[in-house]
Amino acid sequence: MIRRLPATRVIAVAAAVIVLAVAAVLLSRSREVKERPEAKSGTLDDQELSAAFSALCTSRTLVDDDLDAARDVFFTRAHATLHVMASELSNTDRPLAAELLEAKNRVEQELTGVGPQTAAEAIDRLLSISKQALISLGMNSPSCPNQAA
Amino acid sequence: MNLHPAWSGRISAWLLLALVAVSCTSRDAAPEAQSPTPSRQELVAQVASYDLAVGKQRFMVGLLTPQQELVGGGSVSMKFVYLGTRERPQSSGPVVSEATGNFLAIPREGGSPPPLPVAGPRVVSSSEGSGVYAADATFDRAGFWGVLVEASVEERGPLPARATFEVLPEHEFPWIGEDAPRSENLTVDSTDAPKSAIDSRAQGATEVPDPELHSTTVAKSLADKRPVLLVVATPVYCVSRFCGPITDMVSELSKSYGNRANFVHIEVWRDFEKKELNRAAADWILTEKPSEPWIFLIGSDGKISARWDNVATRQEVEPALQALPAQ
């Protein structure tokens, strides 16, 4: 015969379990402040990473004929994800994170007219380093559909 | 703006779920860095403030739809709930305070002008810019807190968002009213450091792009009784996305207000790869986890009179400069 526990007791036990779980979490958590990109979570899924890489490919395709379009694609579809990628990478491979951020910065300068007008070359380099970064983050080796990246 | 009664009644359960969700999904993330997995009728809230402590300060939160679309424009309501301490966590609590958060539009990277203010809140495309909601919030005790945000999003109706975060007993980073560190920061005349330690953008053949921000030190400025607008940022190695635009903004402000204050940029990293901070940057941001970017306004008396963490707009900083006497 199954004996039913009183509802109040069930609730009390459940509440105690939850409170203990919360307490364990809070007690075990370090006070470390995590970097917080404002509008992105600290982790990225493969789809987001692929989308950013794909946007870089598009930007590269556009850059020779339409700098404005290339800039728009870069800043709206790739830029934020590259920051989060670099942030994640900096925990495991700071030299590669540095290369990624430097290459990204170079592209920013080129696309906004600050650099020496070699945007295509800068994007090629960023594609190459992004590819290494994605592999380092556990993704399969990505490539642009119409060019060897 | 009020919470929907049905939702408001679930505050306790929500907060518990929020904390448990954080425990299940994050490795070492502080609770404020994550929002519980939202339902389809909820937004994702991400706290953008650094260094929240007991007292009054600016509180910032970014809002996204579950599809990662940015919500921007207009204003939102924020309700703050106390959730206890690490030692004595609370499963629920009453609303302690409320505030209205106004949208802070952030300049786009690459020197393009700030995005136009938008009505809203509404879903905005990334090409329209980005931003966060900011409110003056007062926290009366240290511990864990929850924020309950409600946004009346155009064409989608009222949508809630929730996040948890920690409020410290005291600020970890230099705070308003404290004596400013007399930093002997690098300048363009420094010969004992690589150029990139003066400004991370100065690499290879590239010169320091804004030498006007690297012409003097905080220590000398304060010895001369000059106010200082200081930006601590690393335009190249920034993980928050805002170092470049914010450093550019400070550079622009220096052109208009150079008669009222000295303007100084301290680059964060002497060597990013080796995780070596510049000594002057360490004066300001050496904590368990250095963060960037920061702007500090230091008065001629050597005390910090204002500070902005992570996000700062010209609309916020300029009035503080205008209040300084021309010299």
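## Exercises on a sheet of chain B and its flanking loops

With 27 C-beta neighbours inside 10 Å, N310(B) counts as buried, and the exercises below, which concern a predicted model, start from this residue.

**Exercise 1.** Determine where N310(B) is found and whether N310(B) counts as buried or exposed.

*Solution.* Begin with the chain path: N310(B) belongs to the loop that runs between strand 15 and helix 7 of chain B. Next consider the backbone, where N310(B) has a positive phi of about 65° although it is not a glycine. Finally apply the cut-off: a residue is buried if 20 or more other C-beta atoms lie within 10 Å of its own, and since N310(B) has 27 such neighbours, it counts as buried.

**Exercise 2.** Carry out the corresponding analysis for K225(B), asking whether K225(B) counts as buried or exposed.

*Solution.* K225(B) sits in the loop between helix 4 (218-223) and strand 10 of chain B, and this residue, although not a glycine, has a positive phi of about 65°. The cut-off for an exposed residue is 12 or fewer C-beta neighbours, so K225(B), with 11 inside 10 Å, counts as exposed.

**Exercise 3.** Establish the strand order of the open sheet in chain B and identify its edge strands.

*Solution.* The sheet has 4 strands in the order 11-10-14-15, and their pairing is mixed. The edges are strand 11 (262-267) and strand 15 (304-309) of chain B, each of which pairs on one side only. From one strand to the next, the twist averages 15°.

**Exercise 4.** Describe how strand 14 of chain B is joined to strand 15 of chain B, and which helices pack on the sheet.

*Solution.* Strand 14 (residues 294-298) and strand 15 of chain B run antiparallel and are joined by 5 bridges; within this pair, L297(B) stands opposite A306(B), while W294(B) stands opposite D309(B). The two strands form a hairpin with 5 residues between them, and in the turn G302(B) has a positive phi of about 85°. Turning to the helices, helix 5 (residues 243-257) of chain B touches strand 10 (228-233), strand 11 and strand 14, with its direction at about 160° to that of strand 10. Helix 7 (residues 314-322) of chain B touches strand 10, strand 14 and strand 15, and its direction makes about 170° with that of strand 15.

**Exercise 5.** Locate the cis peptide bond that joins E292(B) and P293(B).

*Solution.* The bond has an omega of about 0°, and P293(B) lies in the loop between helix 6 (279-285) and strand 14 of chain B.

Definitions and conventions
Residues numbered from 1 in each chain as written. Chains lettered and ligands numbered in written order. Predicted model: local features only at pLDDT ≥ 70, side-chain atom pairs only at ≥ 80, totals over all residues. Pairing = 2+ DSSP bridges. Axes fitted to C-alpha atoms, helices over the stretch in contact; angles between N-to-C directions. Contact = placed C-beta atoms within 7 Å.
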